[in-house]
Each structure stands twice: as C-alpha cells, then as structure tokens.
Amino acid sequence: MASQQDINHTHTIDITQQPQVPVTAVTQQFEQPQASWQQLVTQLLETLTLVPYQDSVFIGQSHDYVGARIFGGQVLGQALMAASHTVEHSKPCHSFHGYFLRGGDINKPVYYQVEKLRDGRSLASRQVTARQYDDDNRPSIIFTMMASFSPFEEGLEYQQAMPTYPTPDVLLTEQQLKDQVVGKIPDALKARFMRQRHIEIKPIQPRDPIHPKIMEPSQANWLRIPQLGKQSIQVQQALLAFSSDFYLIGTGLMPHGISFMTKGLQAASIDHSMHFHRPFDMNDWLLYNMWCDTTSQSKSLNHGQFWQNGKLVATTQQQGLMRLR
C-alpha cells in the first residue's frame with residue numbers, strides 16, 4: 001500500500017513559477033457593517049472564477065466564509081467548476097461524489113488538478129484532486145472528487161410531490177432571526193455569528209442556537225441568491241453545490257438537542273455527493289428539504305432535496321463527523 005507521502009506527491013504540481021492570481025474581492029473583508037447583495041454576489045462569483053495554470057490544473061482563492069478553514073461548500077463549487085472547464089459546455093454535471101480529507105487554509109491558494117477519465121458520446125467522467133502547499137512547497141491533498149457529465153435529454157419522467165411548507169414571503173430571513181437572538185450570544189462569538197451569508201436563507205422552523213431542543217431530525221429552508229443575474233448552468237450548479245453545505249450537517253444534531261454552539265462539539269463534513277436532475281435558477285427561491293435517518297459511530301448521515309416550482313432539481317447526501325468532547 002502506498003504511504004501517505006507517496007499519495008501526496010502523486011502528480012505533483014510545479015508551483016515554483018506560480019502565476020499572479022488576482023485576489024481583489026475574493027479574500028478581502030468588507031469593512032462596512034452590511035455589504036450589498038451586489039458586493040456579496042461579486043465576491044461569490046470571483047470565488048468560483050479559477051485561474052488556468054498547468055495542463056488541466058486550475059487555481060482557486062478563498063474567502064473567509066466560515067472561519068480560518070476553507071468552507072466545504074467553496075471547495076465543492078470550485079472543484080465542480082474545475083472539472084466543468086474540461087468538459088464540453090453542452091454536458092453539465094449530473095452527479096459528483098467528494099471526500100474532504102483535510103481542512104484547508106483560506107490564506108493559501110488551492111490547486112485543482114483534473115484528470116480526464118472518459119469522454120464518451122454522452123457521458124464524460126472526471127477526477128478532481130485539490131491540493132494546498134505549505135511554506136516549503138510540500139503538498140497536501142485536502143479534497144478529492146469524482147464527477148460525471150452528460151447533456152440534457154428527453155426520457156422517462158417521474159418524481160414525488162414537492163413537500164408543502166409556508167412560502168418564503170411569510171418567513172423571516174436568517175439575518176433577521178439572528179437579530180432577534182444576538183443578545184444571547186457570547187460577546188466573543190457575536191461578530192462571527194452575525195456575519196452575512198452570501199446566500200439568502202429563510203429557515204422554515206428556526207432553532208434556538210443557545211438552548212436547542214431535542215427535535216425530529218428534519219428541517220427545511222428557502223434559499224436564493226438575489227441579484228445573481230443570468231449565469232451558465234455550470235455556474236448555477238457550482239452555486240447550488242456551495243449552498244448545499246449550509247445547514248445539512250446540522251440536521252444530525254437535532255435529535256440530540258445540540259447545536260454548533262454547544263460546548264465541546266466537533267463537527268465536520270466527511271463526504272458529500274450530489275445529483276442534478278433538472279435545470280434551475282438560483283435567482284429564484286429553491287426549497288431545501290433536509291433530514292437525517294441515523295447517527296452512529298460519531299457520524300450522521302444527512303440527506304437533502306432541492307425543489308423549485310414543484311420540480312425536484314437536485315438531491316444531496318452528506319456524512320458528517322459529530323463528536324462531543
């Protein structure tokens with residue numbers, strides 16, 4: 001069996017001649033208390049704008065979406081964009097399966113190496129390996145993904161009925177809900193708790209993050225990206241992958257009456273898969289319906305469905321680590 005060192009140095013990328021990567025809004029923090037949606041969208045799209053490097057290698061920069069470690073949704077979105085750049089535009093992604101191997105550092109670029117495994121008449125397959133390098137140019141693999149692509153085509157159609165929930169026009173945004181409970185948040189955590197999302201989210205059944213109750217492991221949110229404008233299906237899919245990492249792992253915490261603010265909790269994504277069924281538009285509201293069917297061995301298995309205008313547009317699944325120390 002190959003050693004970890006051998007694995008990390010497989011297909012080593014030469015970074016000695018690293019190009020100048022624009023960082024602009026990708027890594028900067030907005031100084032004003034509330035950024036406009038136009039600013040947030042610009043930052044989000046720049047995060048997904050990768051710089052071509054060597055053959056089938058793309059460089060991505062990070063933004064502090066959740067802290068010093070790279071947000072898992074960012075890696076999902078960037079890896080999917082890297083793979084999409086090597087596939088015919090007429091073939092959007094229909095599924096991907098990814099594994100988070102190490103936490104990423106937001107202060108270092110991520111190198112996404114794409115291997116072309118298959119280019120058939122209808123199906124194309126890609127493997128993406130995401131690496132970061134330390135100050136001595138030693139590589140570490142932080143994420144790996146297998147993705148498959150195919151054109152939209154006519155065929156047999158079936159889906160279950162879309163779940164019925166209150167519509168977004170009668171719900172408060174996540175930011176408004178935070179305003180209601182900010183007084184309960186410890187001073188040391190307030191700034192991070194109150195940070196703006198780059199996705200507008202409206203929880204259907206909000207939870208108290210300080211005093212969470214034991215609940216059935218099922219939750220749903222409405223979400224969208226205001227002022228996104230017209231984007232390609234490839235960008236739309238990357239944005240939905242980005243969005244899918246919000247709240248999903250938290251579903252497994254619900255039957256235990258704990259939250260991400262529970263003292264001693266260690267929580268992290270282990271793997272993440274997604275299937276895209278139909279076209280969608282992130283400018284408009286999507287329903288993200290989530291549930292957990294089991295927690296065991298300090299892990300939870302969480303599932304999610306994205307619905308828009310009565311259509312099931314994507315399905316996701318994630319296993320999360322959840323330890324109480």
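In the predicted model, the side chains of glutamine 219 and threonine 251 are joined by a polar contact of 3.0 Å. The side chain of glutamine 219 also reaches, at 3.2 Å, the backbone oxygen of tyrosine 247. Glutamine 219 belongs to strand E8, which spans residues 218–224, and its relative accessibility of 12% means that it counts as buried, because the limit for that class is under 20%. When neighbours within four places in sequence are left aside, the residues in contact with glutamine 219 are Tyr247, Gly250, Thr251, Met254, Tyr288, Asn289 and Met290; tyrosine 247 and threonine 251, the partners described above, are thus included in this list.

Turning to the nonpolar interior, the largest core comprises 54 residues, within which Phe96, Phe143, Leu240, Phe276, Met282 and Phe306 have the most contacts. Helix H4 (residues 72–84) supplies the largest share of this core, namely seven residues. For leucine 240, again leaving aside neighbours within four places in sequence, the contacts are with Met274, Phe276, Phe280, Met282, Leu286, Phe306 and Ala314, and Phe276, Met282 and Phe306 are themselves listed with leucine 240 among the core residues that have the most contacts. Another core, of eight residues, lies apart from the largest one and includes Trp222, Trp285, Leu287 and Leu312. In soluble globular proteins, nonpolar side chains tend to be buried together.

Strand E11 (residues 299–308) has eight buried residues out of ten and is therefore largely enclosed by the rest of the structure. On one side of the pairing scheme, E11 runs antiparallel to strand E10 (residues 286–296), to which it is joined by nine bridges; within this pair, asparagine 302 of E11 stands opposite cysteine 292. The hairpin formed by E10 and E11 has two residues between the strands, and glutamine 297 in this hairpin takes a positive phi near 55°.

E11 is likewise antiparallel to strand E12 (residues 311–324), with ten bridges joining the two. Phenylalanine 306, one of the residues with the most contacts inside the largest core, has alanine 314 in E12 as its bridge partner, and both phenylalanine 306 and alanine 314 are in contact with leucine 240. Two residues also separate the strands in the hairpin of E11 and E12, where asparagine 309, located in the turn, has a positive phi of about 50°.

Technical notes:
Residues are numbered from 1 along each chain as its sequence is written. This is a predicted model: local features need pLDDT of at least 70, side-chain atom pairs count only at pLDDT 80 or more; totals for chains, interfaces and linings use all residues. Side-chain values use heavy atoms; hydrogens and water are left out. Helices (H or I, at least four residues) and strands (E, at least two) are DSSP runs, numbered from the N terminus. Buried means under 20% relative accessible area, exposed over 50%, partly exposed in between (1.4 Å probe, protein chains only). A polar contact is a pair of N or O atoms within 3.5 Å; within protein, one must be able to donate a hydrogen and the other to accept it, and residues adjacent in sequence count only if both atoms are side-chain atoms. Contact means heavy atoms within 4.5 Å. A nonpolar core is a set of buried Ala, Val, Leu, Ile, Met, Phe, Trp, Tyr and Cys residues joined through side-chain atoms within 4.5 Å. Two strands pair if DSSP finds at least two bridges between them.
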